[in-house]
Amino acid sequence: MTESSYDCVVIGSGPGGYVAAIRAAQLGKKTAVVEKDKIGGRCLNYACIPAKSVLRSADILSEISEAQDYGLRVGSVEVDFQAVQERRQKIVSTLTSGVSGLFSKNKIDVIEGEASLTGSADVQVGDRQIQAETVILATGSVKRPLPGTQFGGRVIGTEEAWAIGELPARLAVVGAGASGAEIASGFARLGSEVLLFEALGQVLPTEDADISRLVERGLKKQGIQVFTSTLVGDVKDAASAVSFTYGSESTEVDYLVIAAGRGPDVEALNLTAAGVELDERGLIKVDCALRTSTKGVYAIGDLVAGPALAHKASDEGIIAAEDSAGLSTHPLSYLDIPRATFCTPNVGSFGLTEAQAREQGYDVVVGKVPYGAVGGGTVYGDRTGLVKVIGESKYGELIGGHIVGSRATELIQELVNVRALEGGYTEVARIIHGHPTLSEAVMEAARAADGWLIHG
Ligand SMILES: Cc1cc2nc3c(=O)[nH]c(=O)nc-3n(C[C@H](O)[C@H](O)[C@H](O)COP(=O)(O)OP(=O)(O)OC[C@H]3O[C@@H](n4cnc5c(N)ncnc54)[C@H](O)[C@@H]3O)c2cc1C
């Protein structure tokens with residue numbers, strides 16, 4: 001048995017874990033990261049980054065297919081799917097080596113292997129016992145199958161979907177949340193025939209209804225067959241195809257992607273022995289500084305409540321590292337975290353939907369402006385995008401922002417920032433925006449909420 005000791009040991013090197021480790025090291029803590037698979041975690045290796053890399057190829061293809069609208073004649077275009085995947089791998093290795101470089105720069109030790117907690121809340125990796133003043137659990141989440149199904153063969157999860165070696169001729173995606181919508185939109189535009197199933201009544205079920213409606217229209221325009229309020233069952237995986245039923249129909253596809261749920265990766269952690277408690281959903285219980293029920297042990301990212309997003313994991317990592325170093329930290333406001341979906345059309349949102357704001361009894365004002373209302377929408381070729389600002393009239397507070405259309409994932413940040421700086425929609429309405437930009441539609445939506453829309 002080898003022994004070593006650190007001020008801070010982080011288990012998991014995803015966006016939660018690696019950021020926590022860097023912050024701890026910046027604060028002078030002798031820090032190690034334990035990783036059982038690849039540096040960068042699932043986000044960089046299998047999830048966010050691979051997804052966006054392949055989607056970028058689909059986006060370029062979409063632009064090329066619209067080239068004639070811009071006076072450009074382009075010859076025939078072919079998808080070289082292997083090259084698309086090679087680009088994905090190259091991006092992943094660039095970014096993951098970047099994280100390894102940051103570990104070296106910050107003198108963070110990397111320990112390879114699967115970690116668990118000991119009864120005294122130290123860390124065990126194989127036959128190595130590591131004493132740690134602070135442990136930050138950042139082991140992320142794993143895919144969960146639909147009831148009655150199991151992964152394997154041609155029934156795959158979202159991470160495997162982005163790494164498929166061949167462009168499937170026919171693909172079904174179960175779950176039209178962010179990941180499912182991205183897979184459907186990416187593969188459909190690259191040339192697959194795609195069926196998208198959602199058990200609830202709208203695609204992107206957690207988004208504002210106006211936004212989901214426009215996304216559904218956009219997905220259908222890409223040729224995707226969208227089935228909402230539809231359950232998939234009787235999944236049978238064979239050597240060359242997967243068959244399943246939906247409603248009273250049945251069909252066969254090359255791959256069935258289950259994008260309908262994930263759960264915390266806690267199995268190996270030996271939490272009970274260390275006294276770390278879980279909540280009723282199986283997530284690790286933490287307080288507002290990400291402290292678990294065991295002294296000196298923190299948990300962040302997909303292991304704890306709140307939206308399962310990389311930037312949320314990173315922010316929690318910073319809070320945990322700072323709190324453990326004795327700094328005063330701020331609790332995270334989950335509602336103010338931007339949510340980004342990179343399907344076409346892009347979706348960016350934060351805060352409450354219109355329906356939630358009304359249910360919660362706010363005196364709601366809504367400002368809705370299509371991209372076409374401002375010059376940028378026409379110039380850049382997206383008049384159908386929409387910005388929807390949700391405010392409450394008493395104090396002019398910004399309580400929700402919802403954007404669908406080109407660059408929505410970037411545009412939403414303005415509303416998030418203004419709210420973070422305690423500004424409201426009345427301020428957004430009066431901040432000067434550059435022209436001609438799509439951000440002018442954000443300003444106009446704020447003006448609409450304030451009752452003085454100029455362009456419309
Ligand atoms: C297909 C897909 C696309 C996504 N796209 C986006 C997106 O665009 N934007 C976004 O914000 N979020 C996205 N997400 C969500 C995002 O990936 C997660 O929220 C994020 O990865 C969580 O970060 P984390 O640090 O908690 O864990 P992870 O990234 O899951 O990293 C955890 C790491 O811990 C390691 N580990 C686990 N157990 C142990 C152990 N016992 N010992 C040692 N190491 C261990 C794992 O090997 C892994 O490397 C996506 C998710 C999926 C599945």
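Me: Strands are DSSP runs of E, at least two residues in length, numbered from the N terminus. Which strand holds valine 173?
Reply: This is a predicted model. In it, valine 173 is found in strand β9, residues 170-174.

Me: What makes valine 173 count as buried?
Reply: The cut-off for a buried residue is 20 or more other C-beta atoms within 10 Å of its own. Valine 173 has 30 C-beta neighbours inside 10 Å, and therefore counts as buried.

Me: Which residues is valine 173 in contact with, leaving aside its neighbours within four places in sequence?
Reply: Contact requires C-beta atoms within 7 Å. On that basis valine 173 is in contact with Gly180, Ile183, Ala184, Val194, Leu196, Phe197, Val257 and Ala259. One of these contacts, isoleucine 183, is 10 residues from valine 173 in sequence, and their C-alpha atoms are 7.5 Å apart.

Me: How do you know that β9 and β10 pair?
Reply: Two strands pair if DSSP finds at least two bridges between them. β9 and β10 have 5 bridges, in the parallel sense, and valine 173 stands opposite leucine 196 in β10.

Me: Why is strand β10 called largely enclosed?
Reply: Strand β10 covers residues 193-197, and 4 of its 5 residues are buried, so the rest of the structure largely encloses this strand.

Me: What pairs with β15 in the parallel sense over 4 bridges, and what over 3 bridges?
Reply: β9 pairs with β15 over 4 bridges, and strand β8 (residues 155-157) does so over 3 bridges. Leucine 256 in β15 has alanine 172 opposite and valine 155 opposite.

Me: What makes both faces of strand β15 covered?
Reply: In a regular strand the side chains alternate between the two faces of the sheet. In strand β15 (residues 255-258), Tyr255 and Val257 lie on one side, Leu256 and Ile258 on the other, and all are buried.

Me: How do you know that the span of α1 agrees with what it should be?
Reply: The expected span is 1.5 Å times one less than the number of residues. For the 12 residues of α1 this should be 16 Å, and the end C-alpha atoms are 16 Å apart, so the two agree.

Me: Why is α1 called largely enclosed by the rest of the structure?
Reply: The reason is that 11 of the 12 residues of α1 are buried. Among them are Pro15, Tyr18, Val19, Ile22 and Arg23. After α1 comes glycine 28, with a positive phi near 90 degrees.

Me: Which residues around the ligand come nearest?
Reply: Of the 37 residues around the ligand, the nearest are Gly12, Gly14, Gly41, Gly140 and Gly301. Elements giving two or more residues to this shell include α1 (15-26), β2 (31-35) and α5 (158-161). By class, the shell divides into 15 nonpolar, 13 polar and 9 charged residues.

Me: Why is the ligand said to lie between domain 1 and domain 2?
Reply: Domain 1 (5-141 + 263-334) and domain 2 (155-260) both give residues to the shell around the ligand, so the ligand lies between them. The protein chain also has domain 3 (345-450), whose C-alpha centre lies 30 Å from that of domain 1.

Me: What makes valine 404 count as buried?
Reply: Valine 404, in strand β22 (residues 397-404), counts as buried because it has 30 C-beta neighbours inside 10 Å, against a cut-off of 20 or more. Not counting residues up to four places away in sequence, valine 404 touches Ile211, Leu214, Val215, Pro345, Val347, Gly385 and Leu386.

Notes. Residues numbered from 1 in each chain as written. Predicted model: local features only at pLDDT ≥ 70, side-chain atom pairs only at ≥ 80, totals over all residues. Near = placed C-beta within 6 Å. Nonpolar A, V, L, I, M, F, W, Y, C, P; charged D, E, K, R; others polar. Domains from an automatic or database assignment. Contact = placed C-beta atoms within 7 Å.
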